[in-house]
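Grab your viewer and work through these exercises one at a time. Try each task yourself before you read the solution under it.

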Amino acid sequence: MLSSTQPTERRQWHAGLEATARAYVLPAPTADCTIVIPVLGQLPYTQRCVESLLAGGTDPASILVIDNGSGDLTPQWLASRRDIPWVRNRVNLGCGGAWTQGALLSDREWVVLLNNDVVVCRDGIADLLRAADAQGLDVVSPSLVEGELDYDFASYADAFRRAMRGCVRRGWFHGVCFAVRRPVFEMIGFPDTDRQLGGREDVEYLVRCQRHGVPLGTVGDVVLHHFGSVTQNALKQETGVSDLGDRHHFYRKLGMGWLARHEFKRTRRAQARAWSAHERERGYSMHMLRRDGGWAHAEYL
């Protein structure tokens, strides 16, 4: 039964959301994109991510942080940053819920869905969207380095981009960062908000895009450093579970039985190996690993 106070609380929540949305829309960002960053605690990573965007030339009005009920100092830090639009949710809506919420609040041509545990290279978002236009892509991801940030990322990124510019993995994007052109939302809808997907929201959206023939790809024109599923790992440690979702539910939702899902995985890995082998001729691959002070090429992205 609904309590008598709930309508008042609901009106207050909507009023707060509308006020945040108005603050975000005005002033309008100079770039035609909104960068949606879902967060749940892990403030130092969020700060580093945002600072890398700002240092790299991103307009702060283009950033929209979705706080999924953080219990640390994230709300206080966001409140202190009057240059950065943000929304505070009372509960954790999950990654898909935050992505969709951010996309609905945006009126830009592009929505960039970005993890908070990343460092973005100089002009990274602008160059990502330029590469998408040049390659005819409606969904696009950057290349990744994953692991320890114990190297000069700025110098590495400059060398990487000189070598890998124009290289594309067509037909694939990843959930660490992917930019979606607005007509894609209008055609196939928004990311799934089903919490049982538990970190598989990006793959569900990928499959949906593939089935509808959306032009998509990962490009070598931009590279991010990704520390690696920081929020998901923290949630797993806190809850004591090894999987935040239900993989059987995920595959049922995609309409994939045992044979179909094993073929999906096999094809995905084989294509990633082929891409990586071709890219190595340039000295890099679009998925690099940093471990124990050394470099490795990952064959699976």
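**Exercise 1. Take stock of the whole chain: what is its accessible surface, and what share belongs to carbon and sulfur atoms?**

Solution. The accessible surface of the chain comes to about 13,900 Å², and carbon and sulfur atoms hold 52% of that. Keep in mind that this is a predicted model. Next, count the secondary structure: you should get 11 helices and 11 strands. Of the 301 residues, 51% are buried. Finally, look at contacts with a separation of 6 or more: 80% of them are between residues 24 or more positions apart.

**Exercise 2. Find which residues touch the most other members of the largest nonpolar core.**

Solution. Start with the core itself, which has 47 residues. The ones touching the most other members are Ile-35, Ile-37, Leu-53, Ile-63, Val-112, Leu-114 and Val-140. Now zoom in on Leu-53 and skip its neighbours within four places in sequence: you're left with contacts to Ile-35, Ile-37, Thr-58, Ile-63, Leu-114, Val-120 and Ile-125. Apart from this core there's another one, of 24 residues, with Trp-99, Phe-173, Val-214 and Leu-216 among them. As background, nonpolar side chains in soluble globular proteins tend to be buried together.

**Exercise 3. Work out how strand 2 is covered and how strand 1 pairs with it.**

Solution. Strand 2 spans residues 63-67, and five of its five residues are buried. Split them by direction: Ile-63, Val-65 and Asp-67 point one way, Leu-64 and Ile-66 the other way, and all are buried. That split follows the usual rule that side chains in a regular strand alternate between the two faces of the sheet. For the pairing, strand 1 (residues 33-39) runs parallel to strand 2, with five bridges joining them. One bridge to check is Val-39 with Asp-67.

**Exercise 4. Do likewise for strand 8: is it enclosed or open, and which strands pair with it?**

Solution. Five of the five residues of strand 8 are buried, so the rest of the structure largely encloses it. Cys-177, Ala-179 and Arg-181 sit on one side, Phe-178 and Val-180 on the other, and both faces are covered. Then list the partners. Strand 4 (residues 110-114) is antiparallel to strand 8 and joined to it by five bridges, with Leu-114 opposite Cys-177. Strand 6 (residues 139-147) is antiparallel to strand 8 too, through two bridges; here Val-140 partners Ala-179.

**Exercise 5. Locate His-174 and decide whether it is buried or exposed.**

Solution. Look in the loop between strand 7 (168-170) and strand 8 (177-181). The relative accessible area of His-174 is 6%, which is under the 20% cut-off, so call it buried. Its side chain reaches the backbone nitrogen of Val-176 at 3.3 Å.

**Exercise 6. Check the length of helix 5 against what you'd expect at 1.5 Å a residue.**

Solution. Helix 5 has 12 residues (124-135), so you should expect a span of 16 Å. The end C-alpha atoms are 16 Å apart, which agrees. Inside helix 5, the buried residues are Gly-124, Ile-125, Asp-127, Leu-128, Leu-129, Ala-131 and Ala-132. Right after the helix comes Gly-136, with a positive phi near 70°.

**Exercise 7. Place Leu-105 and find how far its C-alpha atom is from that of Val-87.**

Solution. Leu-105 belongs to helix 4 (residues 94-105). With a relative accessible area of 18%, Leu-105 is buried. Its C-alpha atom is separated by 9.9 Å from that of Val-87, 18 residues apart along the chain.

Key. Residues numbered from 1 in each chain as written. Heavy atoms only, no water. Core = buried A, V, L, I, M, F, W, Y, C linked by side-chain atoms within 4.5 Å. Buried < 20%, exposed > 50% of the residue type's maximum accessible area, 1.4 Å probe, protein only. Contact = heavy atoms within 4.5 Å. Helix = DSSP H or I, 4+ residues; strand = E, 2+ residues; numbered from the N terminus. Expected span 1.5 Å × (residues − 1). Polar contact = N/O pair within 3.5 Å; in protein donor to acceptor, adjacent residues only side chain to side chain. Pairing = 2+ DSSP bridges. Areas by Shrake-Rupley, 256 points an atom, 1.4 Å probe, with all protein chains shown as cover.
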